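Could you walk me through this structure at the level of helices, loops and single residues? I would like to learn how to read each kind of feature as we go.

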Amino acid sequence: MKNYKIAIINSSSFGKYFPDHLKRLEKIGEVKHFTFENNIPGKELADALQEFNIVIASVRPFFNKAFFDNKKQPLLLLSRHGIGFNNVDVVAAKEHGTIVTIVPPLVERDAVAENAVTNLLALIRQTVQSQAAVKANEWQKRASFLGINVTGKTVGVIGCGNIGSRVAEIFKHGFNARLLVVDPKVNKTWASKHNIEIVELDYLLKNADIISLNASLNETSYHILKQPQFSLMKKGVFITNTARAELIDESALINALDSGGVAGHATDVMYVEPSYNDNPLVQHPKVLVTPHTSAYAIECLQGMGEKCVQDVENFVNNLQLQSVVS
């Protein structure tokens with residue numbers, strides 16, 4: 001068997017809950033965990049991984065053209081420990097003979113969608129603050145933790161693919177919400193079945209009491225919410241984001257929070273990860289930040305890890321790979 005060396009990059013969960021995944025990889029070759037800065041230069045990343053020919057990679061860092069151009073020992077397989085691949089230059093990967101695979105979207109669908117709703121509810125009902133008050137023996141503050149009902153509200157979902165469609169279903173059937181969706185590729189049969197309205201972005205912004213961001217990050221969705229869009233929103237809107245931080249212009253968001261236009265923002269994704277308590281969003285009293293844990297459900301992590309391990313096993317045994325993007 002070829003000498004395989006496997007690098008697991010920036011994943012704090014891989015192998016932690018399912019050690020059998022690591023044991024199976026160790027039967028194939030040396031396995032080593034690495035943690036890099038999110039924006040490590042491509043050449044520096046390549047230098048650190050020169051000896052490794054298989055990578056299991058998290059959502060960061062970026063495997064860009066400079067990485068592939070400077071990787072002297074070819075990278076044979078890059079298996080994304082997740083459903084997205086916007087941190088991988090798939091064109092450069094193909095040019096250098098690297099196969100890139102992802103986790104099938106359905107593996108993360110329920111976990112991420114449920115967390116979008118969970119974080120939103122915790123934000124609206126001030127769950128974190130009220131629990132902190134109890135722990136501080138300040139039960140008498142309970143009248144200050146005033147929220148709103150979600151039931152019957154108008155919810156706008158921006159990006160209604162694999163995860164966004166599940167978010168829409170939860171709000172529609174769990175909270176009897178009016179659902180507005182923005183997505184040029186939305187499944188119209190699905191929307192009709194669930195009585196969901198397909199609308200333009202401006203209409204959604206003007207009418208939604210709650211906005212859920214579930215779009216993929218690309219050139220058309222980058223900063224899809226910036227100052228002009230915030231100015232269109234209903235006063236007191238709540239926003240939940242489990243997709244990508246870059247969908248929002250952060251300075252415009254902070255201005256909208258400070259002015260009261262946006263009542264609250266729940267996010268599981270940040271521009272810089274990890275983000276610490278000196279970050280303006282982490283500090284903001286109207287913001288709930290979780291540390292990119294939307295996929296942290298047992299069923300989801302098991303499925304993600306299993307897919308990555310199967311990728312490696314299938315590759316070394318010359319078997320067909322699934323969910324190949326390059």
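What follows is a short tutorial dialogue on reading this predicted model.

Q: Before we start, what should I know about the numbering and the model?

A: Residues are numbered from 1 along each chain as its sequence is written, and side-chain values use heavy atoms, with hydrogens and water left out. Because the model is predicted, local features need pLDDT of at least 70 and side-chain atom pairs count only at pLDDT 80 or more, while totals for chains, interfaces and linings use all residues.

Q: How many helices and strands are there in the protein?

A: Helices (H or I, at least four residues) and strands (E, at least two) are DSSP runs, numbered from the N terminus. The protein has 13 helices and 12 strands. Its radius of gyration is 21 Å, close to the 20 Å that the globule rule gives for 326 residues, so the protein is as compact as a globular protein of that length. That radius is taken over C-alpha atoms, and the globule rule is 2.2 Å times the number of residues to the power 0.38. Along the principal axes, the C-alpha atoms fill a box of roughly 65 × 50 × 35 Å.

Q: What share of the residues is buried, and what area does the protein expose?

A: Buried means under 20% relative accessible area, exposed over 50%, and partly exposed in between (1.4 Å probe, protein chains only). Here, 52% of the 326 residues are buried. Accessible areas come from the Shrake-Rupley method with a 1.4 Å probe, and for residues only the protein chains shown count as cover. The protein exposes about 15,900 Å², with carbon and sulfur atoms supplying 52% of that area.

Q: What share of the contacts joins residues 24 or more positions apart?

A: Contact means heavy atoms within 4.5 Å. Among contacts with a separation of 6 or more, 64% are between residues 24 or more positions apart.

Q: How do I read a pair of helices, taking α1 and α13 as the case?

A: Two packed helices are described by the angle between their axes and the distance between the axes. Axes are lines fitted to C-alpha atoms, for helices over the stretch in contact, and angles run from 0 to 180 degrees between N-to-C directions. The axes of α1 (residues 19-26) and α13 (residues 298-316) come within 10 Å and cross at roughly 5°. Angles under 35 degrees count as roughly parallel, over 145 as roughly antiparallel, 65 to 115 as roughly perpendicular and the rest as oblique. Helices α1 and α13 are therefore roughly parallel to each other. On the α1 side, His21, Arg24 and Leu25 make the contact, and on the α13 side the residues are Gln302, Gly305, Glu306, Val309, Gln310, Val312 and Glu313. By type, the residues of this contact divide into three nonpolar, four polar and three charged. For that count, Ala, Val, Leu, Ile, Met, Phe, Trp, Tyr, Cys and Pro are nonpolar, Asp, Glu, Lys and Arg are charged, and the others, Gly among them, are polar.

Q: Is Asp20 in helix α1 buried or partly exposed?

A: Asp20 is partly exposed, with a relative accessible area of 43%. Its C-alpha atom is 9.5 Å from that of Glu306, which is 286 residues away along the chain.

Q: What surrounds Met304 in helix α13?

A: Met304 is buried, at 3% relative accessibility. Leaving aside neighbours within four places in sequence, Met304 is in contact with His81, Gly82, Val103, Val107, Glu108 and Ala295. Met304 and Ile83 are 221 residues apart in sequence but 8.8 Å apart in space, C-alpha to C-alpha.

Q: What does Leu123 in helix α5 touch?

A: Not counting residues up to four places away in sequence, Leu123 touches Phe238, Ile239, Gly264, His265, Ala266, Lys286, Val287 and Leu288. Leu123 is buried, with a relative accessible area of 12%.

Q: Which peptide bonds are cis, looking at Pro61 and Pro274?

A: The bond from Arg60 to Pro61 is cis, with omega near 5°, and Pro61 lies in the loop between β3 (54-57) and α3 (65-70). The bond from Glu273 to Pro274 is cis too, with omega near 0°, and Pro274 lies in the loop between β11 (262-267) and α12 (280-283).

Q: Where is His292, and what is its phi?

A: His292 is in the loop between β12 (287-289) and α13. Its phi is positive, about 55°, although His292 is not a glycine.
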